[in-house]
Amino acid sequence: MAKSSTRRVILYINGKEVEASVKQIRSEMNKLVNEQNRMVIGSDE
């Protein structure tokens, strides 16, 4: 019989740990994209 194994992936988006559901990942990615779109090129941020 094969031995059992456990695999885990921890996903961080913008420095925050994200729940491993597709809905939550999509939500966090949209937040990041919106923040980037509001930034001004050449600003101190």
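1. Helices (H or I, at least four residues) and strands (E, at least two) are taken here as DSSP runs, numbered from the N terminus. By that criterion, the protein chain contains one helix and two strands, and their order along the sequence is β-β-α.

2. The model is predicted, so that local features need pLDDT of at least 70 and side-chain atom pairs count only at pLDDT 80 or more, while totals for chains, interfaces and linings use all residues. Residues are numbered from 1 along each chain as its sequence is written, and side-chain values use heavy atoms, with hydrogens and water left out.

3. Along the principal axes, the C-alpha atoms of the protein chain fill a box of roughly 60 × 20 × 10 Å. The exposed surface of the protein chain is about 4,700 Å², of which carbon and sulfur atoms supply 50%; the areas come from the Shrake-Rupley method with a 1.4 Å probe. Of its 45 residues, 9% count as buried (under 20% relative accessible area; exposed is over 50%, partly exposed in between; 1.4 Å probe, protein chains only).

4. One salt bridge is found in a search of the whole structure (a side-chain nitrogen of Lys or Arg within 4 Å of a carboxyl oxygen of Asp or Glu). The partners are K31 and E28, whose closest N and O atoms are 3.5 Å apart. Both belong to helix α1 (residues 22-38), and because they are three residues apart there, about one helical turn separates them.

5. The two partners may also be described by their accessibility. E28 is buried, at 9% relative accessible area, whereas K31 is partly exposed, at 43%.
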